[in-house]
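Hello,

Here is the structure we talked about. Please look it over, then read the notes below.

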Amino acid sequence: MYAMGSDGAVNFTKISTRQAIGVSYAHSQFQMLAAALRFMFISAIFGCGSSTPDFPSTSQSSPTEAFETVKLFTDVTKHAGISFVHADGQRASYEFPRSMGSGCAWLDANGDDRLDILLIQGGPQSDTESPRLLAAVYLQKEDGRFADFSLEAGLMGSGYGMGVAVGDVDNDGDSDIYLPKYGPDQLFLNDGTGRFTDITQDAGIINPQWATAAAMTDLNRDGWLDVVVANYVDYFPGTFCADAAARQDFCGPQDFRGTPNRVFMNLGRSDDGKVHFEDRSAASGLASLPSKSLGLVCRDFDNDGDTDIFVANDGEANQLWIQNEETFTDEAFVRGVAVNRFGEPEANMGTLIGDFSGDGQLDLLVTHLSGEMNTLWQGDARGYFMDQTSRFRMGAAGLAQTGFGIVASDLDCDGRLEILVANGKVKRDRHRIFSGGDFWAAYAERNQIFLARDSDLQEFRDGNAGFTGPEEVSRGLATGDFDQDGDQDLLVTSIGVPARLYRNDAVRTGHWLSVRPYDPERKRVSYGAKVTVIAESRSWSAEIIPHTSYLSSLEPLAHFGLGAVSILTSVEVVWPDGPFMVEVFVAPATDQRVELIRGSGIERRTASVEEVP
């Protein structure tokens with residue numbers, strides 16, 4: 001649990017049973033039919049003719065179109081001391097990587113129990129490949145402001161920065177960093193003070209492909225975090241691509257071949273005391289199908305006790321790699337997540353897991369290119385999905401946007417999840433004419449907020465100073481409670497402009513609980529753990545999966561808005577390794593942050609699939 005000390009610093013209180021509060025889815029042959037079905041569907045909704053479909057749109061739309069405005073977020077970037085500006089490479093260049101990066105992360109870099117910030121740089125203004133800072137690190141001070149620690153952190157290298165994965169690969173209690181890039185990836189080990197050493201070569205990490213997203217997850221349940229890497233396309237620098245008017249523009253994935261994704265298995269510490277990895281991409285089957293991957297979700301989709309891998313592919317069918325004793329088989333078509341309900345692949349980018357249908361099972365939401373709806377696949381307990389996008393208003397609301405980062409959070413703690421999307425085009429908007437020197441103005445869009453209203457999600461704005469205010473080319477998006485006041489704040493990165501920190505100032509309408517499941521043997525948060533908060537009338541569940549959204553890493557914390565519920569019955573954790581081990585903890589008081597220490601619950605039991613909460 002977190003408790004606020006008199007000096008403003010956050011002090012950890014470990015909670016155990018000794019205390020009063022225990023914390024306890026042939027596609028090609030159907031393409032013409034699918035396209036026809038899609039046309040009929042859209043026509044049925046919007047009508048035929050030359051008029052524009054009536055869907056919620058961005059700031060390019062008519063000025064008479066209005067959204068209800070609510071006060072949600074405040075931009076506190078400057079006040080917090082953050083001065084990072086994303087380096088987007090050579091000015092006016094159309095090199096493909098410029099349009100795709102970069103991400104961000106929340107982490108505790110120096111072990112003081114305060115959230116720090118990591119922001120990924122893109123590329124330099126020249127062709128030089130000499131080492132430079134790949135990422136900026138800002139450490140949070142006692143007063144809540146941040147200090148630039150980038151030079152001391154030492155995250156140096158070359159290439160164009162894309163994403164980031166955060167996790168403790170050597171089980172020593174601090175956060176290590178994996179940086180996937182356009183250029184060779186790098187793995188950095190933390191010394192515990194926020195200073196990092198490049199151990200890529202010694203650790204056996206070799207990935208020369210254009211990597212986008214990465215995830216740290218325990219694939220073989222041995223207690224050591226492995227690394228899964230999403231690789232994109234085999235891009236050749238200097239390739240000329242053009243828009244419909246023959247003007248140079250950024251290339252798209254259709255112009256290049258896909259590349260195999262990779263998995264590096266953590267072998268733990270060897271006799272020399274160092275952590276080593278083994279490339280099992282081919283042996284595991286994961287590299288058998290080259291793809292154009294941008295997003296990852298690593299979790300137990302089929303509920304059999306081991307970790308599976310969902311891969312969001314850009315303009316191609318998605319992949320859902322189901323694991324059987326460290327080998328993987330793509331079952332995305334069988335399980336319903338390969339393509340949309342029209343049988344068409346889409347430009348899949350950002351990923352999000354959450355119970356959006358309210359049935360207690362986790363659903364999958366993926367962001368897409370403008371002209372495509374952001375797709376919601378409703379999941380069941382066996383890991384099968386059905387496209388239910390048409391049931392939700394936010395599907396149509398995504399048609400006008402190009403979505404990348406996506407997160408879910410109960411912003412006002414009323415017990416219902418809201419959704420936030422970071423938007424920005426990858427192709428020039430032919431309907432807008434720009435003058436001046438702003439290269440990215442033709443690609444800029446507003447971000448979106450969807451609030452839970454009745455049984456749907458409705459789009460709102462939160463003012464010019466809020467998350468939906470700026471028109472930028474946004475990419476990375478991550479949630480984290482940096483001020484530890486019980487609601488989720490936002491970190492946003494956009495191409496070529498300053499990163500933004502948004503404090504959540506929504507009017508709170510209910511109680512809350514934030515839970516961190518901690519494994520003392522491994523000295524870290526238990527990635528993949530499932531936390532269920534139980535009250536007399538209902539329950540809430542969440543999993544610790546920090547690598548969702550787009551190229552980003554979220555705070556590894558389960559945050560629950562509880563609404564009017566002020567008294568809980570218990571909290572249960574399904575630990576991710578071994579058989580289904582469910583540990584029950586005495587119900588904590590609400591409106592606080594608690595840490596559930598493995599082994600300190602009041603009850604432990606081995607459960608069958610049907611019994612897992």
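**A loop residue with positive phi**

Glu-326 sits in the loop between strand S20 (319-324) and strand S21 (327-330). Helices (H or I, at least four residues) and strands (E, at least two) are DSSP runs, numbered from the N terminus. Glu-326 is not a glycine, yet its phi is positive, about 70°. It is partly exposed because its relative accessible area is 34%. Here buried means under 20% relative accessible area, exposed over 50%, and partly exposed in between (1.4 Å probe, protein chains only).

Some ground rules. This is a predicted model: local features need pLDDT of at least 70, side-chain atom pairs count only at pLDDT 80 or more, and totals for chains, interfaces and linings use all residues. Residues are numbered from 1 along each chain as its sequence is written, and side-chain values use heavy atoms, with hydrogens and water left out.

**Overall**

The protein has 613 residues, and 60% of them are buried. Its secondary structure comes to six helices and 43 strands. The accessible surface is about 23,300 Å², with 51% belonging to carbon and sulfur atoms. Those areas come from the Shrake-Rupley method with a 1.4 Å probe; for residues, only the protein chains shown count as cover.

**The second largest cavity**

Glu-326 also helps line the second largest cavity. The other lining residues are Leu-219, Val-263, Met-265, Arg-280, Ser-284, Gln-323 and Phe-328. A cavity is a set of points, on a 1 Å grid over the protein atoms alone, where a 1.4 Å probe fits but cannot get out; lining residues have an atom within 4 Å of a point. This one holds about 50 Å³ of space. Grid points are joined across faces, edges and corners, and a volume is the space filled by probe spheres set on the points.

The lining divides into four nonpolar, two polar and two charged residues. Ala, Val, Leu, Ile, Met, Phe, Trp, Tyr, Cys and Pro count as nonpolar; Asp, Glu, Lys and Arg as charged; the others, Gly among them, as polar.

Phe-328 turns up again with Gly-285. The two are 43 residues apart in sequence but 5.4 Å apart in space, C-alpha to C-alpha. Gly-285 touches Trp-321 and Phe-328, leaving aside residues up to four places away in sequence. Contact means heavy atoms within 4.5 Å. Gly-285 lies in the loop between helix H4 (281-284) and strand S18 (293-299). It counts as buried because its relative accessibility is 15%.

**Strand S15**

Why is strand S15 (residues 226-231) largely enclosed by the rest of the structure? Six of its six residues are buried. Asp-226, Val-228 and Ala-230 point one way, while Val-227, Val-229 and Asn-231 point the other way. In a regular strand the side chains alternate between the two faces of the sheet.

S15 pairs with strand S14 (residues 211-217) in the antiparallel sense over five bridges. Two strands pair if DSSP finds at least two bridges between them. Three bridges join S15 to strand S16 (residues 262-269), also antiparallel. Val-229 has a partner in each: Ala-214 stands opposite it in S14, and Arg-262 is its bridge partner in S16.

**Two more backbone points**

Gln-484 is not a glycine but has a positive phi of about 50°. It lies in the loop between strand S32 (474-480) and strand S33 (489-494). Gln-484 counts as buried, at 14% relative accessibility.

A cis peptide bond joins Gly-101 and Ser-102, with omega about 5°. Ser-102 is in the loop between strand S3 (73-75) and strand S4 (104-107).

Best wishes

Technical notes. On a 1 Å grid over the protein atoms alone, a cavity is a set of points where a 1.4 Å probe fits but cannot get out, and a pocket is an open set with protein on both sides within 12 Å along at least five of seven lines; lining residues have an atom within 4 Å of a point.
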